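Work through the exercises below with the sequence and the coordinates at hand, and compare each step of the solutions with what you find yourself.

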Amino acid sequence: MEKIIFNHTPIMLAECIDGLAIKPDGIYVDGTFGGGGHSAKILEKLTTGKLIGIDKDSTAHIVAKDKFKDDPRLIMVKDDFKNFAEILDTLGIDKVDGILLDLGVSSHQLDTADRGFSYRFDAPLDMRMDRESNFSAYDVVNTYSEADLSNVIFRYGEEPMARKIARQIVETRKVKPIETTKELVALIEKVVFKKKGANPCTKTFQAIRIEVNSELDKLDKAINSMIDRLNPSGRIAIITFHSLEDRVVKTVFKERNTDCVCDKSIPVCICGHKKDIELITKKPLVASNAEREENSRSTCAKLRIAEKI
């Protein structure tokens, strides 16, 4: 078994564990297993309980095998957490007592140069969380139309210079394919001026990564599915790192915490919707000043927690 050095500091670890209110005999799910930092703490709280670790990145499974050996309390599944219901059905599990999602790219993926996630390293344009996938950043950059590129960069990166960046990409690839992160960085820097404290490539790289991995596709459906499979008093904790993710989580939580979702113009409720979660965090939790100083990647993190009624 290949040994992987997985340097990862779990975000808001204490807040997540406290928020899940773990029962020693409960069934829990870490839908974004990564380096197993959150999972390790969940396992510390379990006696006869079970933890289902889900990750579509095979590296996470190598780490789990090395870090947790053959811990009988841990069930590892190589899949996308968006297939949550199907995963539970396959395992013969009806309901669970807690779910954790740490959305976005992991520190290990960002720091592994040849994965092509970061503009800090020169690497092939890749950005696949699942390395068995046939679709990569290379395909987005070299095959999407100018209009589609612009839409992706603006929608997922909220980059105001999206049109100019898309045009620059299309003009550049007319000469030769754009094959590396360094080449992509160079053409972005021709269009986006550097600002103090902000890298001009951040938003575009984020947008392409989200597109490659379909990170926002059906995210709301997945969260709803997870809430449906929580036991009464079961909790779901979700960490987000940018406004697009957080908006989805906030919207789902708000809808599930509302008795009526009818159009406001209708004087009498006809939907019959009843709220089935309570919000443990009325406003999202953020990392402490101490954690932000120690781990800069916690700076943008927001944690929302809800409990099934």
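Two strands count as paired if DSSP finds at least two bridges between them. The model used throughout these exercises is a predicted one.

**Exercise 1.** Determine how many bridges join strand β5 to strand β7, and in which direction the two strands run relative to each other.

Solution. Begin with the residue ranges, which are 230-240 for β5 and 302-308 for β7. Between these two strands there are six bridges, and the strands run antiparallel. Individual partners can then be checked: Arg 235 is bridged to Glu 307 of β7, while Thr 240 stands opposite Lys 302 in β7.

**Exercise 2.** Place β7 in its sheet, and state what lies around this strand.

Solution. The sheet is open and consists of seven strands in the order β3-β2-β1-β4-β5-β7-β6, with mixed pairing. The edges are taken by β3 (74-77) and β6 (277-279), each of which has a single partner strand, so that one side of each lacks a neighbour in the sheet. Averaged over the sheet and with direction ignored, neighbouring strands are turned by 15 degrees against each other. Turning to the pairing of β6 with β7, one finds three bridges and an antiparallel run, with Leu 279 having Ala 306 of β7 as its bridge partner. Burial is the next step: with buried meaning under 20% relative accessible area, five of the seven residues of β7 are buried, and the strand is therefore largely enclosed by the rest of the structure. Finally, helix α11 (residues 219-228) lies across β4 (96-102), β5, β6 and β7, and runs at about 150 degrees to β5.

**Exercise 3.** Describe how helices α1 and α2 pack, giving the angle, the distance between their axes and the residues that make the contact.

Solution. Two packed helices are described by the angle between their axes and by the distance between those axes. For α1 (residues 13-20) and α2 (residues 37-45), the angle is about 45 degrees and the axes are 10 Å apart. The two helices are therefore oblique to each other, and α1 passes α2 in a right-handed crossing. On the side of α1 the contact is made by Leu 13, Cys 16, Ile 17 and Leu 20, and on the side of α2 by Gly 37, His 38, Lys 41, Ile 42 and Lys 45. Sorted by character, these contact residues divide into five nonpolar, two polar and two charged.

How values were computed
Residues are numbered from 1 along each chain as its sequence is written. This is a predicted model: local features need pLDDT of at least 70, side-chain atom pairs count only at pLDDT 80 or more; totals for chains, interfaces and linings use all residues. Side-chain values use heavy atoms; hydrogens and water are left out. Axes are lines fitted to C-alpha atoms, for helices over the stretch in contact, and angles run from 0 to 180 degrees between N-to-C directions. Helices (H or I, at least four residues) and strands (E, at least two) are DSSP runs, numbered from the N terminus. Angles under 35 degrees count as roughly parallel, over 145 as roughly antiparallel, 65 to 115 as roughly perpendicular and the rest as oblique. A crossing is left-handed if the near helix is turned anticlockwise from the far one by less than a right angle, and right-handed if clockwise. Contact means heavy atoms within 4.5 Å. Ala, Val, Leu, Ile, Met, Phe, Trp, Tyr, Cys and Pro count as nonpolar, Asp, Glu, Lys and Arg as charged, and the others, Gly among them, as polar. Buried means under 20% relative accessible area, exposed over 50%, partly exposed in between (1.4 Å probe, protein chains only).
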